Amino acid sequence: MKNKLEKNKILGSILSYSFLFFIFSLFIVYLFYNKNNSFIVNDSWLTDKYNLLVYYRRSLINFLDTGTLSFFTWNIGLGYNLLLDLVLVIGDVFSYLSILVSEKDLLVFYQVSLFIKLYLIGISFIIYSKYK
């Protein structure tokens, strides 16, 4: 009985968090959309991490097609340390989902994945805090 009551408390907290997250997300998206801004303001992201995400997406598709991986390119960094540069992208679970969207939609995909990551972080914190 006590275990079922705790699960109901967690579910209630998750539903409350989901509702509040949805409302605040809509408000934030509206503010950015109204000003015609993007969530990614720093040009460093577009020159560094975006190129890594595009390269990683192409590499994943190439690996699925041919079964080979290339660890050297002159387009990112100095070319020889590509694996160290790709650590930023390989560690992100959502990078693997980038093969499901076209290359022109990667920027929108990244912005949507930011909200999904924030939502999942909140859910995991609620579950963790209820069990500790």
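## Exposure and the chain as a whole

A residue counts as buried under 20% relative accessible area, as exposed over 50%, and as partly exposed in between. The structure described here is a predicted model. Phe-24, with a relative accessible area of 53%, is therefore exposed. Of the 132 residues in the chain, 26% are buried.

The chain has six helices and zero strands, so its pattern along the sequence reads α-α-α-α-α-α. Its accessible surface comes to about 9,900 Å², and carbon and sulfur atoms account for 68% of that area. Among contacts between residues at least 6 apart in sequence, 66% join residues at least 24 apart.

## Helix H1 and its nonpolar patch

Helix H1 covers residues 2-34, and Phe-24 lies in it. Phe-24 also belongs to a nonpolar surface patch of about 1,000 Å². Other members of the patch include Phe-19, Leu-20, Phe-22, Ile-23 and Leu-26. Phe-27, Ile-28, Tyr-30 and Leu-31 are part of the patch as well.

Ser-25 is also placed in helix H1. Is Ser-25 buried or exposed? Its relative accessible area is 12%, so Ser-25 is buried. The C-alpha atom of Ser-25 is separated by 7.8 Å from that of Phe-115, although the two residues are 90 apart along the chain.

## Aromatic pairs

The whole structure contains four aromatic pairs. One of them joins Tyr-17 and Phe-21, with ring centres 5.7 Å apart; the planes are at 40°, so this pair is tilted. Both residues lie in helix H1, where they are four residues apart, or about one turn of the helix.

Phe-21 also pairs with Tyr-119, with ring centres 5.4 Å apart and planes at 55°, so this pair is tilted too. Here the pairing links distant parts of the chain, since Phe-21 is in helix H1 and Tyr-119 is in helix H6, 98 residues apart. Phe-21 has 19% relative accessibility and so counts as buried. Tyr-119, at 26%, counts as partly exposed. Together, Tyr-17, Phe-21 and Tyr-119 form one aromatic cluster.

## The largest nonpolar core

The largest nonpolar core has 16 residues, and Leu-86 and Leu-106 have the most contacts inside it. Three helices each supply at least two residues of this core: H3 (49-66), H4 (82-90) and H6 (106-131). Which helix gives the most to the core? H3 does, with seven residues.

Leaving aside residues up to four places away in sequence, Leu-106 touches Tyr-50, Leu-53, Val-54 and Arg-57. By that same count, Leu-106 also touches Ser-98 and Val-101.

## Ser-98 in the loop before H6

Ser-98 is placed in the loop between helix H5 (93-96) and H6. At 0% relative accessibility, Ser-98 counts as buried, because the limit for that class is under 20%. With residues up to four places away in sequence not counted, Ser-98 touches Leu-53, Arg-57, Leu-106 and Phe-109. Leu-53 and Arg-57 appear in the contacts of Leu-106 and in those of Ser-98.

Notes:
Residues are numbered from 1 along each chain as its sequence is written. This is a predicted model: local features need pLDDT of at least 70, side-chain atom pairs count only at pLDDT 80 or more; totals for chains, interfaces and linings use all residues. Side-chain values use heavy atoms; hydrogens and water are left out. A nonpolar core is a set of buried Ala, Val, Leu, Ile, Met, Phe, Trp, Tyr and Cys residues joined through side-chain atoms within 4.5 Å. Buried means under 20% relative accessible area, exposed over 50%, partly exposed in between (1.4 Å probe, protein chains only). Contact means heavy atoms within 4.5 Å. Patches are made of residues with over 30% relative accessible area and no salt bridge: like charges are joined within 9 Å, nonpolar side chains (Val, Leu, Ile, Met, Phe, Trp, Tyr) within 5 Å. Accessible areas come from the Shrake-Rupley method with a 1.4 Å probe; for residues, only the protein chains shown count as cover. A salt bridge is a side-chain nitrogen of Lys or Arg within 4 Å of a carboxyl oxygen of Asp or Glu. Rings of Phe, Tyr and Trp (its six-membered ring) pair if their centres lie within 6.5 Å; planes under 30 degrees apart count as stacked, over 60 as edge-to-face and the rest as tilted.
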